[in-house]
Amino acid sequence: MSNSGVILCDSSELYNILNQASQYPRLSDPNYLLLLDTRKRNEYNESHIITSKFAPRNDIGAFTVPYDAELETKIHVVVYDSNTTSTKDKGSPALSCAKLLWEMGSRNQVKVVKGGYEEFSALYPFLRTQKIMYTPRELDTLITYPVEVLPSFLYIGTYKQSQNKAITKDLKVKAHVNVTMEADKDQVLTIAVEDENKADLLTHMKEAVQFIDDHKTNDGRCVLIFSNLGISRSVTVAIGYLMWSKKISLKDAYSQLHKCRENMQPNRAFIEQLSQWEEQLFGKTITDISEPGY
């Protein structure tokens, strides 16, 4: 069997896949995700990752393709077992199932969750469930969490998410960067700018990145950057922080953020300000923001 279509993904990547949203959660799109649990039936029944399905087997115990898989239409096909850590793990049920799904026509590479259910559930216990079936209405109203930019430390989300006490508790949020015109009572840095072309985020960037970094204490608690929709102002600050903390270009930081928030859309003025931020950090412009995609 060829492994070319089977890759590992971190728990953080699956977390972000599960929490993409615009007007509705992306999980409400039937073509978005097929998530299969390849553990034993009793383990699945006891607890599994939200919206995952039990991977079916035939009479001799070999995996089969779920009848409603529609592999050729799925954007993401993800498989997990208890604790697979490598694509070379012998006897891994997740790898065995993933290879079958790839060979049977998956549209994109099949992802196997590194560390499996054990690692994912330890990091995100609030995304465990015993629920097996979801109606379309239930999927439309699922609560999504802020997306994870830096594991266990930096998240970006919406104003509504920032005010949800359950989310704050589950993610162990200790500080907010509020990039809206709304009031916020928590420990917070407020950057009160509108999402419009004349808005100025650049003059706040040094203060923002320093505030975020001051809360990097490895205590398992995180910083949440939020704006109204979580796609423009908050993304701009997060990109600025990545550029500053990782000493990377706007292009690389933008690419990293896009993997976390698929529908991000910083307005053009903010992109231009990030280009100026890049010049301030590195003494020159590295990224050509006239290229498509910015």
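**Figure 1. How far apart the two domains sit.** In this predicted model, the C-alpha centres of domain 1 and domain 2 lie 29 Å apart. The domain assignment of the protein chain puts domain 1 at residues 6–141 and domain 2 at residues 147–282. Where they touch, domain 1 brings 11 residues to the contact and domain 2 brings 10.

**Figure 2. The area buried between the domains.** Interface size is often quoted as the accessible area lost when the parts come together. Here, about 890 Å² is buried between domain 1 and domain 2, and carbon and sulfur atoms give 39% of that. On the domain 1 side, look for Asn16, Gln20 and Phe126: these three supply 49% of the area that domain 1 buries against domain 2, more than any other three residues.

**Figure 3. Polar and charged links across the interface.** Between domain 1 and domain 2 there is 1 salt bridge to find, along with 7 residue pairs in polar contact. As for the side of domain 1 that touches domain 2, its residues split into 5 nonpolar, 5 polar and 1 charged.

**Figure 4. A salt bridge up close.** Here the side chains of arginine 26 and glutamate 262 meet, with 2.6 Å from N to O. Going by the domain bounds, arginine 26 falls within domain 1 (6–141) and glutamate 262 within domain 2 (147–282).

**Figure 5. An open sheet with parallel pairing.** Five strands make up this sheet, and reading across it gives the order 1-6-5-2-4. At the edges are strand 1 (6–9) and strand 4 (53–54), each of which pairs on one side only. Further in, strand 2 (residues 33–37) runs parallel to strand 5 (residues 76–80), and 5 bridges join the two. To get your bearings, pick out leucine 36 on strand 2; valine 79 in strand 5 stands opposite.

**Figure 6. A hairpin at the start of domain 2.** Domain 2 begins at residue 147, and so does strand 8 (residues 147–150). Strand 8 runs antiparallel to strand 9 (residues 154–158), with 3 bridges joining them. Leucine faces leucine here: leucine 150 stands opposite leucine 154 in strand 9. The hairpin leaves 3 residues between the two strands, and serine 152 in the turn has a positive phi of about 60°.

Note on methods. Residues numbered from 1 in each chain as written. Predicted model: local features only at pLDDT ≥ 70, side-chain atom pairs only at ≥ 80, totals over all residues. Heavy atoms only, no water. Pairing = 2+ DSSP bridges. Helix = DSSP H or I, 4+ residues; strand = E, 2+ residues; numbered from the N terminus. Domains from an automatic or database assignment. Contact = heavy atoms within 4.5 Å. Buried area = accessible area lost by both parts, 1.4 Å probe. Salt bridge = Lys/Arg side-chain N within 4 Å of Asp/Glu carboxyl O. Polar contact = N/O pair within 3.5 Å; in protein donor to acceptor, adjacent residues only side chain to side chain. Nonpolar A, V, L, I, M, F, W, Y, C, P; charged D, E, K, R; others polar.
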